[in-house]
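I opened this notebook to record what I looked up, item by item. The entries follow the order in which I worked.

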Amino acid sequence: AKKKGRNKYYFYSEALHRQIVQKMMVESELQNALLNQQFILFFQPQMRSSDQKLIGVEALVRWAHPEKGVIPPGGFIAIAEESGLIRDIGQWVLQTACCQMKRWQENGGPKIPISVNLSMNQFHDEDLLKNITTALDVSGLDPRYLDLEITESTMAKDIERSKNMLNEIRKMGISVSLDDFGTGYSSLSYLKNLPINRLKIDRSFVSDIDHNVRDRAIVAAIVAMAEHLWIDVLAEGIETSAQLRAVADCRCDAIQGYLYSKPVGGNDFEASFLRKGRH
Ligand code: C2E
Ligand code: CA
Ligand code: CA
Ligand code: CA
């Protein structure tokens with residue numbers, strides 16, 4: 001029994017060891033990726049469904065891995081967040097997104113905002129405001145064309161500080177979207193207390209909405225409440241025209257999802273959504 005116990009101990013220790021080594025390898029790979037400029041941005045349109053007009057664009061990071069191909073954020077954001085590397089990656093994303101939007105605008109593109117996701121670490125970084133200012137200065141982008149997407153769980157870490165930060169961000173002329181709305185715990189008190197421009201209704205409320213009356217009731221209630229609070233609403237993850245109709249019936253006009261486009265590279269986005277006559 002003793003021996004078995006010892007083996008067991010070794011077994012777990014080995015597994016744990018392997019896990020730690022694996023994590024360290026990914027961390028150093030991520031560090032390399034930053035140095036070697038392996039991160040790229042994809043872009044997904046935000047549309048007004050009533051007239052098919054482009055109203056915004058979300059920047060989504062990808063890792064163009066030299067051997068493994070394009071890795072979506074699910075494959076590295078968590079490790080980047082744990083190791084703190086997300087701050088550098090996030091700042092690269094923010095700056096690059098602002099520069100891209102500025103360039104598009106200079107080339108005659110529409111005056112629409114670019115939405116950038118802020119991670120937990122980034123948002124709670126004491127240099128947050130300075131970092132945002134740097135990205136705006138470097139790019140020359142007018143702050144009213146920057147929208148920051150922040151999740152409820154990111155804010156939950158410190159509501160008082162979040163409120164102060166959001167107030168400062170809003171004073172700069174930047175807009176704020178509450179991402180993944182409905183998946184957190186205290187959504188309503190957030191709406192009451194935080195200066196938010198827009199709710200992004202999480203895909204989980206949308207995926208069954210065309211045949212689930214409860215989802216429809218929830219989305220309709222969110223939209224009605226947001227209207228009273230003068231907050232915009234966008235439905236995420238719209239894949240089918242049935243889903244589009246269902247959210248439109250709930251008076252939600254702004255949408256994002258595969259129905260219009262998956263996230264695509266900058267050139268593809270430009271060709272499909274920014275060429276003259278498309279806006
Ligand atoms: P998110 O911010 O909620 O972004 C939306 C995700 O849903 C994106 O996945 C997008 O590709 C996907 N999506 C869009 N439309 C549809 C649809 O119709 N159906 C389905 N099934 N999915 C759809 P992606 O790009 O893999 O990003 C996943 C998450 O990674 C993002 O969720 C966000 O939390 C995080 N992320 C992405 N880029 C960044 C970044 O630059 N910084 C940080 N901190 N996080 C990022
Ligand atoms: Ca987002
Ligand atoms: Ca989201
Ligand atoms: Ca999400």
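The entries below cover metal sites, a loop residue, a helix with its aromatic partners, and cysteines.

**Entry 1. Status of the model.** I note at the outset that this is a predicted model.

**Entry 2. Calcium ion (ligand 2).** I asked which residues serve as protein donors of the calcium ion (ligand 2). I found Glu-58 (OE), Asn-117 (OD1), Glu-149 (OE) and Asp-179 (OD), lying 2.1 to 2.4 Å from the ion. I wrote the spacing of these donor residues in sequence as E-x58-N-x31-E-x29-D. Distant parts of the chain are linked here, for Glu-58 is in strand E2 and Asn-117 in strand E4 (residues 114-117), 59 residues apart. I then looked up the accessibility of both residues. Glu-58 is buried, with a relative accessible area of 4%, whereas Asn-117 counts as partly exposed at 27%.

**Entry 3. The other calcium ions.** I looked up which residue coordinates both the calcium ion (ligand 2) and the calcium ion (ligand 3). That residue is Asp-179, and the two ions are 4.0 Å apart. For the calcium ion (ligand 4), I found coordination by Asp-180 (OD), listed twice, at 2.8 to 3.0 Å. Asp-180 is found in strand E6 (residues 175-181). The calcium ion (ligand 4) is separated from the calcium ion (ligand 2) by 6.0 Å.

**Entry 4. Glu-236.** I located Glu-236 in the loop between strand E8 (232-235) and helix H10 (241-249). Is Glu-236 buried or exposed? Its relative accessibility is 13%, so Glu-236 counts as buried, the cut-off being under 20%. Leaving aside residues up to four places away in sequence, I found that Glu-236 touches Asp-179 and Asp-180, together with Lys-200, Ile-201, Asp-202, Arg-203, Val-206 and Gln-256.

**Entry 5. Helix H11.** I listed the buried residues of helix H11 (residues 266-274): Gly-266, Phe-269, Phe-273 and Leu-274. They lie on the same side of H11, because they cover an arc of only 75 degrees around the axis. I next looked up what covers them. The cover includes strand E1 (39-48), strand E2 (53-65), helix H3 (86-106) and strand E10 (264-265).

**Entry 6. Aromatic pairs.** My search of the whole structure gave 8 aromatic pairs. One of them joins Phe-43 and Phe-269, 6.2 Å centre to centre with 45 degrees between the planes, and is tilted. Phe-43 belongs to strand E1 and Phe-269 to helix H11, so this pair ties together parts 226 residues apart in sequence. Phe-43 is buried at 2% relative accessibility, and Phe-269 is buried at 0%. Phe-269 also pairs with Trp-104: the ring centres are 5.3 Å apart and the planes are at 35 degrees, so this pair is tilted. Trp-104 lies in helix H3, so its pair with Phe-269 in helix H11 ties together parts 165 residues apart in sequence. Both Trp-104 and Phe-269 are buried. I also noted a cluster in which ring pairs link Phe-39, Trp-63, Phe-76 and Trp-92.

**Entry 7. A charge over a ring.** I found Lys-262 over the face of Tyr-258, 4.9 Å from the ring centre.

**Entry 8. Cysteines.** How many disulfides does the structure hold? I found 0. For Cys-99, the closest cysteine sulfur is that of Cys-98, at 7.0 Å, too far for a bond. For Cys-252, the closest is that of Cys-250, at 7.9 Å, again too far for a bond. Cys-99 is partly exposed, with a relative accessible area of 25%, whereas Cys-252 is buried at 1%.

How values were computed. Residues are numbered from 1 along each chain as its sequence is written. Chains are lettered from A and ligands numbered from 1 in the order in which they are written. This is a predicted model: local features need pLDDT of at least 70, side-chain atom pairs count only at pLDDT 80 or more; totals for chains, interfaces and linings use all residues. Side-chain values use heavy atoms; hydrogens and water are left out. A disulfide is a pair of cysteine sulfur atoms within 2.5 Å. Buried means under 20% relative accessible area, exposed over 50%, partly exposed in between (1.4 Å probe, protein chains only). Helices (H or I, at least four residues) and strands (E, at least two) are DSSP runs, numbered from the N terminus. The arc is that of the directions from the helix axis to the C-beta atoms. Contact means heavy atoms within 4.5 Å. Donors are N, O and S atoms within 2.8 Å of the metal (3.2 Å for Na, K and Ca); water is not among the atoms, so sites may look incomplete. Rings of Phe, Tyr and Trp (its six-membered ring) pair if their centres lie within 6.5 Å; planes under 30 degrees apart count as stacked, over 60 as edge-to-face and the rest as tilted. A charge sits over a ring if NZ of Lys or CZ of Arg is within 6 Å of the ring centre and within 35 degrees of the ring normal.
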